[in-house]
Amino acid sequence: MIRTEQLTPDTMMFHVRGRFNPQTAKELSLSVFRSYHLGFQTFLCNLSRVTLLDEGATNQLSLIGDGLRNKGKIWRVIGPLSSSGEQLILRTSLQQLPHATWN
């Protein structure tokens, strides 16, 4: 399930919950595409509530990020944390943003 949240006039956050599989990745891609055409500049993807990351779907995250960066946009993936508390590293820009920027 994907929920969108507009954080600022040019920043959109996508909250992904549950399994992140190819179907969810496709839904995310379409949501990002629509937001891009609405004029958003910064795209954040919150994976902190994902229960399972499919490898094919994580490759889609990289493709989304590459496409946005090629167009001069910003793409950040937040979370998920591993069981040891260390940040999971994908081929996209993963970072833990301070909670103050979420509001």
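What follows is a chat about a predicted model of a protein chain.

Me: How many helices and strands are there in the protein chain?
Reply: In this predicted model, the protein chain has two helices and four strands.

Me: And what order do the elements run in, from the N terminus on?
Reply: Starting at the N terminus, the order is β-β-α-β-α-β, with β for a strand and α for a helix.

Me: What is the order of the strands in the sheet?
Reply: The four strands make an open sheet with the order E1-E2-E3-E4, and the pairing in this sheet is mixed. Strand E1 (2-8) and strand E4 (74-78) are the edge strands, each of them pairing on one side only. On average, and with direction ignored, neighbouring strands of the sheet are turned by 20° against each other.

Me: In which sense do E1 and E2 pair, parallel or antiparallel?
Reply: E1 pairs with strand E2, which covers residues 11-20, in the antiparallel sense, and the pairing extends over six bridges.

Me: Which residue in E2 stands opposite Thr4?
Reply: That is Phe14, which stands opposite Thr4.

Me: OK, on to the helices. Which strands does H1 lie across?
Reply: Helix H1, made of residues 22-37, lies across E1, E2, strand E3 (42-53) and E4, and H1 runs at about 170° to E2.

Me: And which ones does H2 lie across?
Reply: H2 lies across E2, E3 and E4, and its direction is at about 155° to E4.

Me: How many salt bridges does the structure hold?
Reply: The structure holds one salt bridge, and in it the side chains of Asp66 and Arg69 meet at 3.2 Å, taken from N to O.

Me: Why can side chains like that pair?
Reply: Side chains of opposite charge can pair when their charged atoms come close. Here the N to O distance is 3.2 Å, and a salt bridge counts when the nitrogen of Lys or Arg is within 4 Å of a carboxyl oxygen of Asp or Glu.

Me: Where do Asp66 and Arg69 lie?
Reply: Both lie in helix H2, residues 55-70, and they are three residues apart, which is about one turn of the helix.

Me: Why does Asp66 count as partly exposed, and what about Arg69?
Reply: Asp66 counts as partly exposed because its relative accessibility is 39%, and Arg69 is partly exposed too, with a relative accessible area of 33%.

Me: Last topic: what share of the residues of the protein chain count as buried?
Reply: Of its 103 residues, 41% count as buried. The accessible surface of the chain comes to about 6,100 Å², and carbon and sulfur atoms account for 52% of that surface.

Methods: Residues are numbered from 1 along each chain as its sequence is written. This is a predicted model: local features need pLDDT of at least 70, side-chain atom pairs count only at pLDDT 80 or more; totals for chains, interfaces and linings use all residues. Side-chain values use heavy atoms; hydrogens and water are left out. Buried means under 20% relative accessible area, exposed over 50%, partly exposed in between (1.4 Å probe, protein chains only). Accessible areas come from the Shrake-Rupley method with a 1.4 Å probe; for residues, only the protein chains shown count as cover. Two strands pair if DSSP finds at least two bridges between them. Axes are lines fitted to C-alpha atoms, for helices over the stretch in contact, and angles run from 0 to 180 degrees between N-to-C directions. Contact means heavy atoms within 4.5 Å.
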